[in-house]
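Let's take a tour of the empty spaces in this protein, and of the spot where its ligand sits. Have the model open as you read.

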Amino acid sequence: MTRLFDEHIQREVKSLNGKWSFKTDKSKVGKEKKWFLGLSDAKTVMVPSVWNAEFGMLSYEGAAWYEKSFYYSGGNLRLCFGAVMTECEVWLDGEYVGNHYGGFSEFSFIIPDVSAGTHCLTLMVDNSFGAQSIPQKKVDWYHYGGIIRDVTAETLRGISILNHRLEYDLNLDTGTTCAKAYVELYNSENESVTSPLSYKIGDKAGFAKPVTLSAHETLEIESDDIVIENVEIWDPSSPRLYDISITTDSDDLFDRVGFRKVELSPEGIILNGKNIEILGVNRHEEHPDFGFAFPSQLMQRDLDIIADLGCNSIRGSHYPASRTFMDMLDERGVLYWSEIPMWGWGFSPAALGDPVVVERGLEMHREMIRYYYNHPSIIIWGMHNEIHTECEVSVPLTKKYYEFLKASGGNRIVTYATDKPLKDLALEYCDLISINSYFGWYEGDMYEWEKFIENVRKRRDELGLENKPVIFSEFGAAALYGHHTFDNIHWTEEYQANVIEHALGLFHNDPMCCGFYIWQFCDVRTCLEAGINRARGFNNKGILNEYRKPKAAYYKVKELYKSFKSNK
Ligand code: ADA
């Protein structure tokens with residue numbers, strides 16, 4: 001995957017990005033007609049991309065096929081996919097390899113003993129929706145389809161390193177961290193193999209031991225305690241990263257970690273022993289010309305804009321962003337909330353009780369943790385957004401995800417965004433109460449925030465949850481870029497700026513509130529096809545437009561975030 005450093009030196013890695021053959025399959029006949037044996041009448045597309053960016057294909061929903069021939073030098077082939085929207089089946093040289101569900105996570109397949117020569121990789125990709133889909137058809141963003149992130153072909157030899165996780169506990173008083181490394185190994189040979197395994201953290205700490213794996217065995221190795229003294233902590237003011245290097249006789253994996261401590265008190269979020277007010281924005285990883293295949297150059301630009309705005313945190317609404325972006329956040333010291341696309345309105349109570357849906361959501365959390373665990377910038381895991389938490393059926397689901405994330409998600413805050421805090425039944429299962437509300441836009445006028453906040457406080461205390469701080473995870477108003485009047489009315493840039501200014505002033509001065517994420521960073525394309533009827537077909541609540549041009553609210557927020565930083 002595109003990282004900001006080389007993940008491998010010894011391992012051969014070949015990019016399969018670039019030119020692919022592509023063909024739509026509206027009536028889904030491709031499998032029956034064995035298109036995996038060769039695509040005829042196909043057009044050329046560049047991967048990664050969304051097919052909706054192709055001429056005349058903006059609203060195509062359904063199945064489509066991708067095919068690429070590539071030279072492989074022979075061996076145990078690992079095919080890695082950064083993300084494919086939403087579901088796919090994979091063939092190599094006409095042989096079925098496997099499938100994956102879920103549009104925003106990495107996945108891979110290992111195919112042993114592939115001969116040297118030219119091979120043909122085929123994918124059937126489907127972005128249509130059913131009763132058990134996550135997300136459901138109705139969302140307030142666009143249902144792009146396609147191979148949206150990198151594809152690579154790797155060669156595994158002997159004992160290979162598939163993944164690692166560094167769990168640690170940082171003691172701020174002594175400046176010492178006690179860590180344990182977990183390394184997932186795979187023996188790609190047809191016989192048992194023994195190799196030294198070395199795991200280094202920076203140039204001092206780590207562990208080494210010999211490992212033996214039988215033919216094609218996958219094994220997780222756990223280290224003894226690794227104590228690191230005089231730790232330089234990862235903090236927004238100085239985001240110190242430590243290099244990780246893991247090697248065996250025949251393979252390697254490089255990564256980075258940062259040591260930091262996240263705690264929660266009734267007063268809010270404590271990062272590395274200091275109270276921090278979250279000054280945030282919600283951001284979709286989307287652009288009108290590239291959809292979800294978001295170029296890394298534009299990620300840097302978004303982060304430059306976000307730095308100029310004075311934000312210290314981003315909520316990754318509403319799905320895991322690419323790891324390239326996570327690397328950038330780690331380097332820049334920006335705090336992040338990462339969540340899965342279990343998004344509101346679309347999910348009926350029946351769907352929330354469906355065991356297939358619940359398990360799919362859990363699997364998405366597993367994948368998010370598997371690939372994102374080591375990123376210090378992620379301090380919050382989000383379980384879901386605006387689902388029917390006023391219904392009993394949401395409680396076991398939330399409990400299940402909460403317990404899973406608390407047990408395996410590392411040192412992070414676990415929450416979900418609720419738009420029904422006054423009748424929510426699942427608030428017991430979150431560390432932080434996260435509220436989405438839109439006074440001044442959908443509900444009443446902006447001066448109703450005061451009463452609402454008092455009601456939230458009352459309910460929280462009545463439930464005995466007064467130790468849980470509150471964060472406003474969404475609020476805002478829409479403005480059409482360039483629309484101004486002398487009157488303070490909906491859709492103008494001035495009105496949007498007023499709504500945000502009023503809400504921010506209240507949140508900042510409320511002791512129960514530990515931060516806020518404005519909805520939203522920039523305008524995003526929405527799903528007219530799914531019945532989201534919005535002006536221009538965009539959600540216009542961005543404080544920048546979709547091409548990242550600032551609206552009046554941008555400058556207001558910049559001024560306020562600057563003043564908040566200096567007075568708290
Ligand atoms: C919700 C939802 C967002 C967006 C927003 C809006 O809070 O979580 O994704 O749809 O409403 O603009 O109405």
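A cavity here is a set of grid points where a 1.4 Å probe fits but cannot get out, and its lining residues are those with an atom within 4 Å of a point. Keep in mind that this is a predicted model.

With that in hand, start with the second largest cavity, at about 50 Å³. Its lining includes Gly 102, Gly 103, Phe 104 and Ser 105, along with Pro 320, Ile 340 and Pro 341. Met 364, Glu 367 and Met 368 line the second largest cavity too. By class, that makes 6 nonpolar, 3 polar and 1 charged. Where does this cavity lie relative to domain 1 (12-156) and domain 3 (263-566)? Both domains give residues to the lining, so the cavity lies between them.

In the whole structure, a search turns up 3 cavities of 30 Å³ or more. The largest cavity comes in at about 290 Å³. Its lining counts 26 residues, and Glu 7, Glu 106, Leu 162, Arg 323 and Tyr 371 are the closest to its centre. Strand E13 (159-171) is among the elements that supply at least two lining residues, as are strand E9 (107-114) and helix H4 (355-372). E13 gives the most, with 4 residues.

Now for the open space. The largest pocket has a volume of about 510 Å³. Of its 20 lining residues, Pro 236, Ile 276, Glu 277, Asn 312 and Lys 565 sit closest to the centre. Strand E25 (274-276), helix H1 (296-309) and helix H8 (552-567) each give two or more residues to this lining. Domain 2 (159-250) and domain 3 (263-566) each put in at least three residues.

Here is how the linings of the largest pocket and largest cavity break down, next to the shell around the ligand:

| Site | Nonpolar | Polar | Charged |
|---|---|---|---|
| Largest pocket lining | 10 residues | 4 residues | 6 residues |
| Largest cavity lining | 10 residues | 7 residues | 9 residues |
| Ligand shell | 4 residues | 4 residues | 5 residues |

What about the ligand itself? There are 13 residues around it, and Asp 140, Glu 386, Tyr 442, Glu 474 and Lys 541 come nearest. An oxygen atom of the ligand lies 2.4 Å from a side-chain N or O atom of Glu 386. For the side chain of Lys 541, the distance from a ligand oxygen to an N or O atom is 2.6 Å, and for that of Trp 343 it is 2.9 Å. How much of the ligand's accessible area does the protein cover? The protein covers 99% of the 320 Å² that the ligand has on its own.

Definitions and conventions
Residues numbered from 1 in each chain as written. Predicted model: local features only at pLDDT ≥ 70, side-chain atom pairs only at ≥ 80, totals over all residues. Heavy atoms only, no water. 1 Å grid on protein atoms, 1.4 Å probe; cavity = no way out; pocket = protein on both sides within 12 Å on 5 of 7 lines; lining within 4 Å. Points joined across faces, edges and corners; volume = space filled by probe spheres on them. Nonpolar A, V, L, I, M, F, W, Y, C, P; charged D, E, K, R; others polar. Domains from an automatic or database assignment. Near = heavy atom within 4 Å. Polar contact = N/O pair within 3.5 Å; in protein donor to acceptor, adjacent residues only side chain to side chain. Areas by Shrake-Rupley, 256 points an atom, 1.4 Å probe, with all protein chains shown as cover.
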